[in-house]
Structure formats: structure tokens, C-alpha cells
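Subject: Structure for you to look at

Dear colleague,

Please find the sequence and the structure below, and keep them open while you read the notes that follow.

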Amino acid sequence: MKRTRIATVLQDSQPGEVVNVRGWVRTRRDSKQGFSFVEVYDGSGFHGIQAVVDGNVPGYEHIKEVTTGASVSIVGEVKASQGQKQRIELLAQDLKLIGKADAEHYPLQKKQHSFEFLREIAHLRPRTNTFGAIARIRNTAAAAIHEFFQERGFLYIHTPIITTSDCEGAGQMFSVTTLDLHKLAKSNSEVDFSHDFFGKHASLTVSGQLEGEIFACSVGECYTFGPTFRAENSNTTRHLAEFWMVEPEMPFYDLNDNMELAESFIKHVIGRILERRADDMQFFNERIDTTVLDTLQNIVGHDFIRLSYTEAIDILTQSGQKWDYPIEWGGALQSEHERYLTEKHFKQPVILYDYPRTLKPFYMRCNEDGKTVRAMDVLVPRVGEIIGGSQREERIDMLELRLKECGLDPATYWWYADLRRYGTVPHAGFGLGFERLIQLVTGMVNIRDCIPFHRTPKSADF
Ligand code: 4AD
Ligand code: MG
């Protein structure tokens with residue numbers, strides 16, 4: 001018997017075919033006439049399939065145990081459905097109860113659960129409509145990301161997760177050590193990392209960019225796509241301690257080339273999701289955020305606005321809005337400012353560029369004005385910053401000056417500086433926060449629900 005995923009059965013099978021589907025029971029309804037409707041879901045698409053199980057079907061003797069959450073295998077004949085909801089249903093010929101799910105204790109009852117509650121049962125939440133859909137959207141987004149770069153000849157580079165340099169220079173790194181923490185706790189002396197596994201202080205990476213630059217300056221356009229880690233103690237709806245980042249890096253690109261790539265990248269990925277996950281997207285638009293499809297179509301269908309940080313400050317100052325954080329040239333833009341620009345003022349994605357030098361990391365190229373750097377942030381409705389990037393400082397003297405300005409030791413970055421010593425080229429790149437993209441696409445409010453198992457302050461279960 002051919003085993004078939006439910007999505008394939010729903011889409012391709014013809015009445016009369018006999019198929020075997022396996023999955024978990026969503027619901028069961030018993031009719032007074034001695035047969036039951038069992039809805040089975042296997043995650044292959046948004047919809048489960050309904051099986052009509054007659055009283056004389058082998059296995060029906062266990063029907064009372066075929067409860068929500070139990071796993072079953074059903075062989076059945078495809079029939080045109082009597083109901084309105086679906087094109088087809090199965091007329092069961094055989095029902096096997098594989099794993100029971102005690103109806104009294106199964107945590108996923110039919111009622112709506114809060115997302116907070118579902119985070120506590122993250123091992124079961126992928127069985128819900130919402131989290132099954134998010135898993136499929138993540139998958140489609142990841143595939144579309146690889147497609148976008150592969151079609152353009154970019155190499156996928158696997159950059160290290162353990163590192164001894166801080167790319168963002170923000171000091172938000174998780175340490176990696178094999179030193180005995182109990183002994184360290186008892187001694188008052190300075191930690192001697194020469195006895196540690198790597199012989200020096202190592203951490204989890206905050207970004208694959210620096211290593212990406214090495215490859216961009218050797219084999220050309222490339223990208224990384226991997227997990228990154230930040231010990232930011234910010235309990236917001238947009239921050240994770242572990243998140244995935246996509247980081248392309250391109251030699252012979254300036255900031256404008258970088259902006260162009262970022263815009264077509266976002267449009268490509270969203271476009272593919274709209275095409276390939278229409279069923280899941282319809283659900284998000286109906287149940288999570290009724291504006292999400294409009295927002296996405298608007299993003300795909302229009303040019304992004306480009307304006308300098310300085311122009312943005314002027315707009316914000318003249319907006320007449322009341323801000324929690326005051327506006328001042330040189331100050332960091334807060335989420336309220338970013339969202340005002342993209343949601344209210346322009347109602348479109350905005351690429352802000354040329355940020356104050358004091359706000360941005362050492363690697364961004366300094367402008368002639370001495371005050372700004374060739375940074376760019378892409379801001380989108382509801383999420384705010386989804387991409388951060390820049391043209392890189394390719395001049396060795398400026399790079400060394402900037403490292404010192406940022407309080408970093410140029411000796412640690414000797415290999416990064418070498419790229420400027422030997423055959424330096426103008427180059428640029430950016431980083432897209434993968435979970436923020438998922439937030440944008442699904443309309444989910446909290447980024448913790450956009451990754452299978454979130455890591456945030458005080459939370460690393462599962
Ligand atoms: O702006 P960021 O810090 O830029 C970099 O890391 C550069 N090295 C990228 C590059 O040029 N190659 O981070 C890039 C993006 C942000 O725009 C945001 O979408 C996401 O990563 N991000 C986070 N996502 C979730 N949780 C966090 N704590 C995040 N911090 C950044
Ligand atoms: Mg940033």
C-alpha cells in the first residue's frame with residue numbers, strides 16, 4: 001500500500017483510489033447510526049483529511065480510544081466529499097490505532113489556547129494549526145532564500161559558531177568554556193583562559209559576517225545562513241537570544257548595490273511564500289492578522305523608500321508625535337520611530353542609510369563628512385528593523401582608526417585587517433533576521449512563536 005501524505009491526497013487523488021494516510025487525530029464525531037468521522041492531520045499541509053469509519057471496519061472496536069492526539073493509520077477509498085469543507089474524504093477500509101492519547105490528560109484540547117500557554121508545551125504545539133503553518137512557512141522561506149542566492153551564483157559558506165572575535169563589538173556574547181565553574185566561583189582570582197579549551201576566551205558567534213567577508217574577498221559573492229546568539233537581556237517581542245541570520249556578502253558592491261539586492265531578496269522570498277503556502281497564508285490572514293496579506297502584497301508590489309538617517313530625523317521631529325524616547329540627531333532610533341516611518345509616514349518598507357558613526361560597529365565604511373557611516377537598515381511594518389547592513393570599510397588606516405574608536409584591540413582582528421592589506425576591494429553585505437521575517441510574513445505578534453524552540457532570558461526549555 002502506497003503511503004501518502006495528506007496534502008498530496010487532498011490535492012491529487014481521484015475518487016476510487018485507495019490510499020493509506022497516517023497522522024494524529026484532530027477530532028472524532030460519532031453518529032448515532034454506528035459510524036464515526038475522524039479527522040486526521042499529518043502536518044503536510046494546512047488541512048487534515050476526514051475519514052468516515054463505518055462500524056464494520058476492522059479496528060472500529062477501538063474507536064472510543066481514537067481520541068484527539070492519538071496516532072492512527074487509515075486505509076481508505078477516496079470519495080467526493082458530501083460536506084462543503086473539502087473536495088474529498090476517505091471511506092475507511094481499515095483503521096489502526098497506533099498510539100493512544102489519554103483524553104483526560106492530553107494538553108491540546110479543542111478549545112483555543114493562548115500562545116503563552118502553548119510556549120509551555122512547545123513539544124506539542126506544532127500539532128496546532130498555527131504552529132504547523134509556521135513550521136511550513138519557515139521551511140518555504142529557507143528554501144526560497146537558498147534559491148535566491150543559488151540562482152545568482154552566490155556560494156553558501158558555513159561560518160563557525162564558536163568564535164573568539166565579537167563582530168558587532170557590542171559585548172553581548174555567550175561564553176563557551178570547559179573551565180570548572182564551581183572552582184571559579186570559589187576563587188577570587190582573574191579567570192585564566194589559557195587553561196580553557198581553546199586557550200583563550202571563546203564565545204558563541206553574534207554574526208557570520210567577518211568570516212563571510214573572508215570568502216567574499218576570495219571566491220566572490222557568498223552568503224551564510226545559520227544560528228547566531230546574543231545575550232541581550234531584552235524581553236521584547238522582537239528579540240531572541242538564539243536566532244537565525246542570513247548574511248550575504250558581495251565584493252565590488254557599494255551601498256546602493258547592497259540596497260538593491262536587499263530589496264529584491266525580500267521581495268523574492270515573500271513572493272515565493274505567497275505562491276507556495278497560500279493555504280497557510282489564508283489562515284494567518286483570517287485568524288492572526290487580517291492585514292497581513294495586504295501588507296505583503298504591498299511590499300512585493302512597490303519600490304522601497306530610501307532615505308538618509310538625517311532625513312528620517314527631520315521627518316520624525318516634524319511629525320508632531322509624542323515619543324517615549326526623544327528624537328535627537330545622533331541618537332539610536334527606537335522601534336516606535338522605525339515603525340512610525342514605515343507604518344504611518346510611508347506605509348511601505350523604508351531603507352535608512354548613512355547613520356551616525358557613533359551608533360554603528362567598526363566595520364562600516366566612513367563617509368567623507370566624518371560623522372556618518374555607510375550603514376543601511378531595512379524597516380518594515382509591524383516589525384521595524386528586519387535587515388541591518390553596510391558597505392564595509394576597505395581602507396586599512398580607517399579600519400584601524402575605527403577599531404580603536406570602538407575600544408577594540410586591532411590585534412584581535414589582524415586577519416580581518418589583512419583583507420585590507422592584501423588586495424582590498426570595496427564590498428558590502430547585510431544580515432536578515434530570519435525570525436523577524438517569519439514575524440512579518442505570518443503576522444505573529446511575538447517572535448518567540450516564530451522559532452520552534454525559543455531561547456530568551458530565563459527560558460531554554462525543550
Ligand atoms: O543589525 P545586526 O546586528 O547586523 C549584523 O549582525 C551584521 N553583522 C549583519 C551583516 O551586515 N552581515 O543584525 C541583523 C539582523 C537585524 O536587522 C535583525 O533582523 C536581526 O538580525 N536581529 C535579531 N533577531 C532576533 N533577535 C535578536 N536579538 C536580533 N538581533 C538582531
Ligand atoms: Mg542592526
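A good place to begin is Arg421, which counts as partly exposed because its relative accessibility is 42%. Please bear in mind throughout that this is a predicted model.

Arg421 makes a salt bridge with Glu400, and the closest N and O atoms of the two side chains are 3.1 Å apart. This pair links distant parts of the chain, since Arg421 belongs to helix H12 (residues 414–421) and Glu400 to helix H11 (residues 396–405), with the two positions 21 residues apart in sequence numbering. Glu400, at 26% relative accessibility, is likewise counted as partly exposed. As general background, side chains of opposite charge can pair when their charged atoms come close.

Staying with helix H12, which of its residues are buried? They are Tyr416, Ala417, Leu419 and Arg420, and because they cover an arc of only 140° around the axis, they lie on the same side of H12. It helps to recall that an α-helix has 3.6 residues a turn, so residues three or four places apart point the same way. Among the elements that cover the buried residues of H12 are helix H5 (209–219), H11 and strand S16 (427–433), so that H11 appears both here and as the helix that holds Glu400. Just after H12, Gly423 takes a positive phi of about 70°.

Turning to salt bridges more widely, a search of the whole structure finds 29 of them. One of these is formed by Glu65 and Lys100, whose closest N and O atoms are 3.3 Å apart. Glu65 lies in the loop between strand S3 (49–54) and strand S4 (71–80), while Lys100 lies in the loop between strand S5 (88–99) and helix H2 (115–120), so the pair ties together parts that are 35 residues apart in sequence. Is each partner buried or exposed? Glu65 counts as partly exposed, at 31% relative accessibility, whereas Lys100 is exposed, with a relative accessible area of 62%.

Another salt bridge joins the side chains of Lys96 and Asp94, at 3.1 Å from N to O, and Lys96 counts as partly exposed, with a relative accessibility of 48%.

With kind regards

Definitions and conventions:
Residues are numbered from 1 along each chain as its sequence is written. Chains are lettered from A and ligands numbered from 1 in the order in which they are written. This is a predicted model: local features need pLDDT of at least 70, side-chain atom pairs count only at pLDDT 80 or more; totals for chains, interfaces and linings use all residues. Side-chain values use heavy atoms; hydrogens and water are left out. A salt bridge is a side-chain nitrogen of Lys or Arg within 4 Å of a carboxyl oxygen of Asp or Glu. Helices (H or I, at least four residues) and strands (E, at least two) are DSSP runs, numbered from the N terminus. Buried means under 20% relative accessible area, exposed over 50%, partly exposed in between (1.4 Å probe, protein chains only). The arc is that of the directions from the helix axis to the C-beta atoms. Contact means heavy atoms within 4.5 Å.
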